[in-house]
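Got the viewer open? Let's walk through this one together, one selection at a time.

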Amino acid sequence: MDAVEGESKYYSTQGMPKKEEGSSVGIKVLFFARARDLTGLSDVRLEVPFGSTASDCLKELAVRFPGLEEIRQCIVLALNEEYASESTVIKENDELAIIPPISGG
Amino acid sequence: MDSGGADAARILSEIKGLKATKSDIEAKISALEAQLKDLNCRNDAVSSNGSCPLATSLDSGLGHGLSPEMIHRYSRQLLLPSFGVQAQSNLLKSSILVVGAGGLGSPALLYLAACGVGRLGIVDNDEVELNNMHRQIIHTEAYIGRLKVESAAAACRAINSTVQIVEHKEALRTSNALEILSKYDVVVDATDNAPGRYMISDCCVVLGKPLVSGAALGLEGQLSVYNYNGGPCYRCLFPTPPPTTACQRCSDSGVLGVVPGIIGCLQALEAIKIASAVGEPLVGRMLLFDALSGRIRIVKIRGRSLHCEVCGENATFTRQQFQEFDYEKFTQSPLSASAPPKLNLLSGDSRISSKDYNERLKNGEVHILVDVRPEHHFRIVSLPNSLNIPLSTLEKRLAEISSALREAEGQRDASLYVICRRGNDSQRAVNYLHDIGFTSAKDIIGGLESWARDVDPSFPTY
Ligand SMILES: [Zn+2]
């Protein structure tokens, strides 16, 4: 995934002790409705490379849970309970909610 | 003993008949009472100095239009500083349409009638069924088999005879939606299917009506207000409809009764806020209710999409386009969500009716019966001696079928039957079994539902 991880530690001269380029960020993904059925989980921890977008997270999730492909075109994303487009960059400890519509009643 | 049983049956049937007549008469009385009140009010209005306690346009000189009886009835709302007489008066002058008198519509209608909306419309063409009762709390047992609209209207009138209740005893379609929705100020989507949700949202955009949209399934609910105060429409959020596999029905996936109840109450609340012009409606936000973990999350959602095909900047979605739009084709699912369409995957000689299967059973034919329903369905009820191998696990558990067949007759040609709830998954299973060499596999047409209907009426259905 990221071959330069070992090196990048030594490039860090800008006083950014933890999350410099090359390291990864850990986020919590929340699944709702059909996404919950397809993954069998209501939430999961996800590690993605620093600088990843919401879209990158979805790609990573699709690898771990191929079933999610079913609803890929029909979900609303929320990052820390705020609206997020797929190009939004993810930060450490963010909470990404994956919300497909429910139609029952 | 025997004559005692017959007597009990006769009495029960007489009670049932009388109850039906009673609820009929009650419905007629309450409809007539409403008519009479309407009539009196109109006459009084004409004779100008009469005082109608229920007049919707009566003015006591205070400008709020509330009669003495209304002031008493709604006093606890009038006492609320942030609601008060002005909001109550707004409510009285407003009209709200609830589409669907089911799990969401039941509590929504009860609260909207109780709180004093001026005119309340109900659209539905379904009948009340026993398996609705656990969540559709507006209906009573006496109404089983009768139209939900009649039942809901009677309940609303019984709670508040001063509200004008309008019964639309028809399914909402593109042909009648514009006309029906145009008569109301606020629309509440309490339907249970994807095409209905797109159709109602589009119609609200075309007519410029606020839409209070709720949904519930299993142990989760969703709520938002669309097409209001510059906020998004349903299509802004979900331009591409979910695939049919993701459009689950309560009749397949199940739903805990109180979950739509909670969402329906919140829908009533949002509709009241809009109609009475108080508070901050749930625009640009979506409420997510998770019953199992006891969590309610409210997430900000996108604003109106400039590229939305219906409400976007360059959208030209007209009334005519709306009427010609095929919502069932768009979502690949039917507007009526009660039962899935019947598949027809197999040729006639690969299928057998439940009656014929019963004959073979009685004749002692050596066979294996595989039930491909999910395990939690199998635990509700199953046929004796059936082997539960859920469709999703069939591929991995073929060895169990082979060994059961071997055991059954010690040779290869014991028959193999497959059953499910309604006869669709069993066809998929037989198709697969044929492909991998179990060429004698037969599907029992119509599944356990047909067994209950044609062979054993005492067999439980769900
Ligand atoms: Zn839109």
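Start with helix H4 of chain B, residues 84-92. Keep in mind as you click around that this is a predicted model. Which residues of H4(B) are buried? Colour B:Gly84, B:Ala87, B:Gln88, B:Ser89, B:Leu91 and B:Leu92, and you have them. Now show what surrounds those residues: the buried part of H4(B) packs against four helices of chain B, namely H2 (68-73), H3 (75-78), H5 (105-115) and H11 (258-276).

Next, select strand S1 of chain B, residues 95-99, together with strand S2(B). How do S1(B) and S2(B) run relative to each other, parallel or antiparallel? They run parallel, and five bridges join them. For one of the pairings, click B:Val99 and look across to B:Val123, its bridge partner in S2(B). While you're there, check the cover on S2(B), residues 119-123: four of its five residues are buried, so to speak of the strand as mostly covered is fair.

Now zoom out to the whole of chain B. Its secondary structure comes to 18 helices and 13 strands. Line the chain up along its principal axes and the C-alpha atoms fill a box of roughly 95 × 70 × 45 Å. Chain B has 462 residues, and 50% of them count as buried. Switch on the surface, and about 22300 Å² is exposed, with carbon and sulfur atoms supplying 52% of that.

Try colouring chain B by domain. The domain assignment puts domain 1 at 74-331 and domain 2 at 348-454. How far apart do the C-alpha centres of domain 1 and domain 2 of chain B lie? The distance is 42 Å. Then colour by charge: chain B has 47 positive and 50 negative charges, and their mean positions are 4 Å apart. Contacts are worth a look too: among those in chain B that join residues at least 6 apart in sequence, 66% link residues at least 24 apart.

Last stop, chain A. Select its open sheet of five strands, which has mixed pairing and the order S2-S1-S5-S3-S4. Why do S2(A) (43-49) and S4(A) (82-83) each have one side without a neighbour in the sheet? Both stand at the edges with a single partner strand each, so nothing in the sheet flanks the other side. Zoom in on S4(A) and strand S3(A), residues 76-79: the two run antiparallel, joined by two bridges. To finish, pick A:Ala78 and look opposite to find A:Tyr83 in S4(A).

Technical notes: Residues numbered from 1 in each chain as written. Chains lettered and ligands numbered in written order. Predicted model: local features only at pLDDT ≥ 70, side-chain atom pairs only at ≥ 80, totals over all residues. Heavy atoms only, no water. Buried < 20%, exposed > 50% of the residue type's maximum accessible area, 1.4 Å probe, protein only. Contact = heavy atoms within 4.5 Å. Areas by Shrake-Rupley, 256 points an atom, 1.4 Å probe, with all protein chains shown as cover. Lys, Arg positive; Asp, Glu negative; His and termini not counted. Charge placed at Lys NZ, Arg CZ, Asp CG, Glu CD. Domains from an automatic or database assignment. Pairing = 2+ DSSP bridges.
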